[in-house]
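Here are a few exercises to work through with the model open beside you. Try each one before you read the solution.

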Amino acid sequence: MTSWQPSDPEAIRLLLALPATVPCLAAIGRAMADLERHHPTGVLSVRALLDAAALIDQQLLAGGVEQEQAIERQSLSGPIAGSVAAAGDAPLQKADVIAYDTALLRQESETVYANPCSNASALLSQRRRYGDQLLLLLPGLASWVAFTTAAAGSMGTTALLRS
């Protein structure tokens, strides 16, 4: 028979972004006990989801340049390196000296990413899907997630739920 690990309630709380309050932790405990009592094999599924989410968290924390999007095109605007405008010897406005066309002394470029969805956002999306799957196994926590999301949206913070 599969049983819960001591770290599982906290992992569930983090995956579902629930507040660390006594009533919420008690609700997590009740949901875990219900699943273990009624569907003991469901514990394996929950633990697999928690492990998968932990791997995503590790990847997100590791980050790195290789996770960033590939740049297809980049944009900047400023004086051309080595020009009199870059050295500060030329006027920067056309109105200052009519003889200078400062647009000829500036360069402009633009950055366009090859993939509009970065690896990090794909990982976060997968993590959210794991949270949704977790709610299917622990449906008693759905109201907590809904309340926490609504409270955070309306107040900008995580609210406390009293039982």
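**Exercise 1.** Read along the sequence, which pattern of helices and strands does the chain follow?

*Solution.* First, a word on the material: this is a predicted model, where local features need pLDDT of at least 70 and side-chain atom pairs count only at pLDDT 80 or more, while totals for chains, interfaces and linings use all residues. Residues are numbered from 1 along each chain as its sequence is written, and side-chain values use heavy atoms, with hydrogens and water left out.

Next, take the elements as DSSP runs, numbered from the N terminus: helices are H or I with at least four residues, strands are E with at least two. Walking along the chain then gives α-α-α-β-β-α-β-β-α-α. The tally is six helices and four strands.

**Exercise 2.** Find the buried residues of helix α1 and work out why they sit on the same side.

*Solution.* Start with the cut-offs: buried is under 20% relative accessible area, exposed is over 50%, and partly exposed is in between (1.4 Å probe, protein chains only). In α1, which spans residues 8-16, the buried ones are D8, I12, R13, L15 and L16. They share one side of α1 because they cover an arc of only 165 degrees around the axis, taken from the directions from the helix axis to the C-beta atoms.

Now step past the helix end. A17 follows α1 and lies in the loop between α1 and α2. Its phi is near 55 degrees, a positive value in a residue other than glycine. A17 counts as exposed because its relative accessibility is 53%.

**Exercise 3.** Trace the largest nonpolar core and see what V46 touches.

*Solution.* A nonpolar core is a set of buried Ala, Val, Leu, Ile, Met, Phe, Trp, Tyr and Cys residues joined through side-chain atoms within 4.5 Å. The largest one has 26 residues, and I12, L16, V46, L134, L138 and L141 have the most contacts inside it. At least two residues each come from α1, α2 (22-38), α3 (42-62), α5 (119-137) and α6 (142-155). The top contributor is α3, with seven.

Then zoom in on V46. Leaving out residues up to four places away in sequence, V46 touches W4, I12, L35, L134, L137 and L138, a contact being heavy atoms within 4.5 Å.
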